[in-house]
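Got a minute to walk through a model together? Pull up the structure and keep the sequence beside it.

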Amino acid sequence: MSLINRPNLRLLPEWQQQSAVLITWPHQYSGWASSLGSSHSSDISSPIEAFYIKLAATVSHYQIIAILCYDQAHQEHIKQLLQTKALNPDNVRFFIVPSNDTWIRDYGPLSVISNQNTLQLLDFEFNAWGNKYQSKHDNLVNQHLQQQHAFQQTPLKSIPWVLEGGSIDTDGHGTLLTTSSCLLAKQRNNEQTKTSVEKQLQTYLGVTKILWLEHGSLEGDDTDGHVDTLARFTDPNTICYVSCNQPEDPHYSGLKKMEQALKSFRNPTGKPYRLIPLPWPKPKTNQNGDRLPATYANFLIINNAVLVPTYDDPADHKAIDIFKQLFPQRQIIALNCLNLIEQFGSLHCATMQLPEGVMV
C-alpha cells in the first residue's frame, strides 16, 4: 500500500529514546489471582511477582519504570516487595489505576510524532482481544494515567477504534508489520476489508505501507496472532522472526509460509529486508497440558539495552547470541519468562514504553 500524500505524523519505533516503561503489577482481580498470595500486606513475593520485581529492577537502572497498582493496599504491598531489592529508587513511579489484567502492551498508549516534532499519545479502544475477557478497567487505564498527570504535557487523544499495541510493529518510517488474522478479526471492528483497515491505520498512525502476514501463529496465544509473538523490526531494514525447523511440530507449515512472505517483502527503497530467524524452543506447557507461547520475538527494547525472554531452554543461549549481533550497541539482558507465559503472554506483552519527554 502506497499513499500519494505524505502523512503529517508517524508511529515511533521502539528503539526511539524512551522516558519510561509502563507495567501493570499482577493483582488478585487479574488472571494471576490463583498464582498470588491471599493478602496484599505480605512482603513475600509469588513466583510471578518475583518476575515483576526482576523486570522493575532491571528497567530502573536504565530509565523510569512506572508501576500501575490496583489500589492503595496493592501499592503498599508492591513497595514492601521492592524495599530490599536492587532498584534505582529515583527511577520508580507508582500510579493507582484499576485494571482487569496485566498485558499493558495492548491497552497502553501508542506514541506518534508530528512533522513539527510534537508528541502525542493515542488511546485506542481495547476490548480484550475481541471480547474474550473483561476489559472495562483496562480500557480506562490511559485516561486514569492522564488524570494523574503521568504524561505531563503530552496530550492523550482517544481513538474510537479497536487496536492493540502488540498487533503492530513499525520501522519508524511509515511501514507497519502486522497480521491479517488479528487486524481483520470481526470481533474487533466493523471494518472487515484490508482497504478499510489500512485507511484507519493511515489516518491514526501515519502509515504509508503495510506488510501483511497471512500465515503464522503460536499455540497458546489468545490474541488471534499478534505480530509481536512472530516477527519484529530490529532496525528499519532488519526483521527477526520465529522460525520452526521441526516438520513434526504443528507450527511448522504456518511458520514456513510466514517465512516465505517475509522473503517477498520489500523496504521503501525496493530492497528485500535482512531476515534473521530466531530459534525454536522446546514445547512449554502448563499443568493442564496446554501449550504456552514461548517466543523469543517478544523482546523489549529500552534505552541502551534489550531485554530478551528466556524459557530455561537449550535455545536460550542461541537467542541471546543473535540479539547481541542484532543490537551490538546495547546490553543484552535475559529475563526468565517461564512463569509469565502461564497467562499466555511474554515480556513484550507485559510492557509499554513511553518516548523521551513524556514522563519525568
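What follows is a short tour of a sheet, the helix on it, and one residue in a loop.

Keep in mind that this is a predicted model. Let's begin with the sheet, which is open and has 4 strands in the order E1-E5-E6-E7, with mixed pairing. At the edges stand E1 (9-11) and E7 (156-162); each has a single partner strand, so one side of each is left without a neighbour in the sheet. Going from one strand to the next, the twist averages 35°.

Now look at how E7 is held on its partnered side. Strands of a sheet pair through backbone hydrogen bonds, either parallel or antiparallel. Strand E6 (residues 119-125) and E7 run parallel, and 5 bridges join them. To pick out one of the bridge pairs, find Phe124, whose partner in E7 is Ile159. Helix H6 (residues 194-205) packs on this sheet, where it touches E1, E5 (110-114), E6 and E7. The direction of H6 makes about 175° with that of E7.

Next, jump along the chain to Thr295, in the loop between strand E15 (291-292) and strand E16 (300-302). Is Thr295 buried or exposed? Its relative accessibility is 3%, and the cut-off for buried is under 20%, so Thr295 counts as buried. What does its side chain reach? The side chain of Thr295 comes to 3.0 Å from the backbone nitrogen of Ala297. Beyond its neighbours within four places in sequence, Thr295 is also in contact with Leu218, Thr229, Val242, Pro309 and Tyr311.

Terms used:
Residues numbered from 1 in each chain as written. Predicted model: local features only at pLDDT ≥ 70, side-chain atom pairs only at ≥ 80, totals over all residues. Heavy atoms only, no water. Pairing = 2+ DSSP bridges. Helix = DSSP H or I, 4+ residues; strand = E, 2+ residues; numbered from the N terminus. Axes fitted to C-alpha atoms, helices over the stretch in contact; angles between N-to-C directions. Contact = heavy atoms within 4.5 Å. Buried < 20%, exposed > 50% of the residue type's maximum accessible area, 1.4 Å probe, protein only. Polar contact = N/O pair within 3.5 Å; in protein donor to acceptor, adjacent residues only side chain to side chain.
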